[in-house]
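Dear colleague,

I am handing over the structure below, and my notes on its charged pairs and strand pairing follow directly after it. Please read them with the coordinates open beside you.

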Amino acid sequence: QAKRHDGDFFIIPSTEFDIKKPKGAIAIKDANGVRTLKINSQVDDKGIVVSELDSLTSGGGTWVVFNGTTETNLAVDVTDYIKGGGSLKLDLSSGSGTTAGIKNTSVNAIDITDYLDGTSAFFVWVKINSTTNISNYTLYFGTDISNYYSKATTTRAGGTAFANGWNLLKFDLSSLTTVNSPTNTNIQYFSIFMTKTTGKVSETDYKFDWLVLKKGVIHNVDYYSKYGWQS
């Protein structure tokens, strides 16, 4: 196979992987009836920090509520965050809309041209107080509120369901929905929001932290399975 290399990876127990994470390590972890393949591989470190989301002006422009009727009390939280010096938090108001989140129409412009190759993704941390009645999280990114791309996710970055607490979300730059004509060299509009039921109201402490764009490397993994005739 093209670009196949032997001897680059080695297998270790999952407990050792979690503690040491040596480069090139592979581990298989079984927990709660789910088998997970863990790989610590050197990847392209190319990336852009869009906003650390630790202030209302982080990354340029000003972060405000997305909907305007379903959110309230948008503020900085300097005690509960993942990276940087804080996170942005908001409460769900008594408004009965179906979206809630944050947006910024004038982030410092970025160029995503080199990231539209199928191996890149936006990542952001969100804290969910209660997953009840949340169907997805959506990311808008584009030139302005009339010209943008849209991508939604219904799971955490690892493919598991949303959970109460901090969740890392991944928005692949593939199969994007395009609204009008965003300019790839001038991306400065971002929105991150949940889609919810109209009855999900008057809840507190929904948070956002560390919005980044990352470019990775594809690895093909050969493995044995007990299912000999199905993928």
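Lys200 is buried, because its relative accessible area is 2%, which lies under the 20% limit for that class. The side chain of Lys200 meets that of Glu203 in a salt bridge, with 3.0 Å from N to O. Please bear in mind that this is a predicted model, and that every value here is computed from it.

The search of the whole structure finds 11 salt bridges, and two others may be worth setting side by side. Asp80 and Lys207 meet through their side chains at 2.8 Å, N to O, and this pair links distant parts of the chain, since Asp80 sits in the loop between β6 (71-77) and β7 (87-92) while Lys207 belongs to strand β15 (residues 203-215), 127 residues apart. Both Asp80 and Lys207 are buried, and they are also members of a network of salt bridges that includes Asp77 and Lys127. Asp30 and Arg35 form a salt bridge as well, their closest N and O atoms being 2.8 Å apart, but both of these residues are exposed.

As for the strands, six of them form an open sheet with antiparallel pairing, in the order β5-β8-β14-β10-β11-β13. Its edge strands are β5 (64-65) and β13 (177-179), each of which pairs on one side only. Within this order, β10 (residues 134-144) and β14 (residues 189-196) run antiparallel and are joined by eight bridges, and Tyr137 stands opposite Met194 in β14.

With best regards

Note on methods: Residues are numbered from 1 along each chain as its sequence is written. This is a predicted model: local features need pLDDT of at least 70, side-chain atom pairs count only at pLDDT 80 or more; totals for chains, interfaces and linings use all residues. Side-chain values use heavy atoms; hydrogens and water are left out. A salt bridge is a side-chain nitrogen of Lys or Arg within 4 Å of a carboxyl oxygen of Asp or Glu. Buried means under 20% relative accessible area, exposed over 50%, partly exposed in between (1.4 Å probe, protein chains only). Helices (H or I, at least four residues) and strands (E, at least two) are DSSP runs, numbered from the N terminus. Two strands pair if DSSP finds at least two bridges between them.
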